[in-house]
Amino acid sequence: MNKKSLNILVTGGAGFIGSHVVMGLVTKYPNYNIFNLDALTYAGNLENLKSIQDYPNYTFIKGNILDESFINNLFEKYEFDGVIHLAAESHVDRSITDPLAFVKTNIIGTVNLLNAAKNYWKNDFSEKRFYHVSTDEVYGSLGKTGLFTEETPYDPNSPYSASKASSDHFVRAYGETYGLPYVISNCSNNYGPNHFPEKLIPLFINNIIQEKSLPVYGDGNYTRDWLFVEDHAVAIDLVFHEGKNTETYNIGGFNEWKNIDLVKLLCKLMDVKLNRVNGSSEKLITYVKDRPGHDLRYAIDASKINKNLGWKPSVTFEEGLAKTIDWYLQNEEWLSNVTSGNYQEYYKKMYT
Ligand code: NAD
Ligand code: DAU
């Protein structure tokens, strides 16, 4: 992509990863106009963007990617050169209780954006790009060994991953059928500041602070590959600018952890940060009913993005976890705002 001056639409920029992507682009490229389109669902939070909200190259637009005519009008009004699409329903457990919400936002919403881009750009696709941000969960589950590569066949197991897999296929199909210039990346589990406390790490940080039980699903021997969110945002910037059209890039942390080992590490670190007796947080661990269709293991082979684009994670897990815990301890107001109201209902429904 030409870096001189671009109008970029970022969807889902008020969410966890999107907020880091938006902050990165707005501060790094003063010559770009960054438009953040977000419906501000329970997961979207403008507090995440306080540091850049007054930048002249930043515009927030509240809107839903399911609103077809609204999306078409945005392309006409702001003349987007590129799209970085992150807006999604993102939590596996919620997809088990309400799959249709995932079909709507993740599949139909993505197709609405693809149509808007295709129609607005017509056949002049030079210096245009549609970047779809996806997940490693589309590949299904690994056994005890092996890694997901870009060639691993899709085999999604949850309504969430099925909806993301479907959206990936639509993006590819628009490239094949209409010549839409696209790139896709599939990333492993992110962690870091602004993460909504429904996901493992921020949920457990919050529960440890509150001295509430830590609900480990099943036997806790499930494995995830963790990446600090700012490293993902850097990779997204790189793939958007330097990635090759029609290619997929796997992004991961080279950092596999069994849930139970990760939870025990988190407990230890939190005991120190909170000046609690060593071992007190571990006592909060409670094994609970397993997640249905729970994928055993995810692990990414990120050698393609490393070799072709020179990306690798810059933050070690120890540094990233320490930064993350510090952020939550220093942002108690953020945490109490997002855990009041509807969150309490959600928590009761999921965990009691
Ligand atoms: P998130 O749930 O924190 O944020 C999603 C954002 O999208 C929110 O701001 C929400 O308000 C917005 N949104 C939801 N529905 C919308 C709609 N219909 N119209 C407009 N905006 C809407 O999600 P996240 O964890 O930041 O994930 C972002 C993207 O990255 C998702 O596509 C997800 O599948 C993908 N991903 C996430 C991870 C991870 O570990 N969190 C890993 C790999 C890929
Ligand atoms: O791999 C990328 C994916 O990572 C993203 O696409 C998803 O958007 C993101 O939510 C994440 O999915 P996971 O299901 O892996 O993340 P979650 O934090 O929900 O769970 C991580 C692991 O911890 C998983 O094995 C389930 C387990 N878990 C989770 C919760 C919320 C528990 O044991 N207890 C819990 O309360």
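Let's start with where ligand 2 sits: its shell draws at least three residues from each of two domains, domain 1 (7-191 + 226-251) and domain 2 (200-223 + 257-293 + 316-344). Please keep in mind that this is a predicted model.

So who is in that shell? There are 26 residues around ligand 2, and Thr 135, Asp 136, Tyr 160, Arg 291 and His 294 come nearest. By type, the shell splits into 12 nonpolar, seven polar and seven charged residues. Among the elements, α3 (92-97), α6 (200-210) and β8 (214-217) each bring at least two residues to it.

Now the polar contacts of ligand 2. His 294 has a polar side-chain atom 2.7 Å from an oxygen of the ligand. For Arg 224, the distance from a polar side-chain atom to a ligand 2 oxygen is 2.8 Å, and the side chain of Asn 189 places an N or O atom 2.8 Å from an oxygen of ligand 2. On its own, ligand 2 exposes 680 Å², and 95% of that is buried by the protein.

Over to ligand 1. This one is surrounded by 28 residues, with Ile 17, Asp 38, Ser 90, Tyr 160 and Lys 164 the closest. Its shell holds 13 nonpolar, 13 polar and two charged residues. Helices α1 (16-28) and α5 (159-178) and strands β5 (129-135) and β7 (189-191) each supply at least two of them, and β5 gives the most, with three.

Which side chains reach oxygen atoms of ligand 1? Asp 38 does, at 2.5 Å, and so does Tyr 160, at 2.6 Å. Phe 16 uses a backbone N or O atom instead, 3.0 Å from a ligand 1 oxygen. Alone, ligand 1 has 830 Å² of accessible area, and the protein covers 96% of it.

Methods
Residues are numbered from 1 along each chain as its sequence is written. Chains are lettered from A and ligands numbered from 1 in the order in which they are written. This is a predicted model: local features need pLDDT of at least 70, side-chain atom pairs count only at pLDDT 80 or more; totals for chains, interfaces and linings use all residues. Side-chain values use heavy atoms; hydrogens and water are left out. A residue is near a molecule or strand if one of its heavy atoms lies within 4 Å of it. A polar contact is a pair of N or O atoms within 3.5 Å; within protein, one must be able to donate a hydrogen and the other to accept it, and residues adjacent in sequence count only if both atoms are side-chain atoms. Accessible areas come from the Shrake-Rupley method with a 1.4 Å probe; for residues, only the protein chains shown count as cover. Helices (H or I, at least four residues) and strands (E, at least two) are DSSP runs, numbered from the N terminus. Ala, Val, Leu, Ile, Met, Phe, Trp, Tyr, Cys and Pro count as nonpolar, Asp, Glu, Lys and Arg as charged, and the others, Gly among them, as polar. Domain bounds come from an automatic or database domain assignment.
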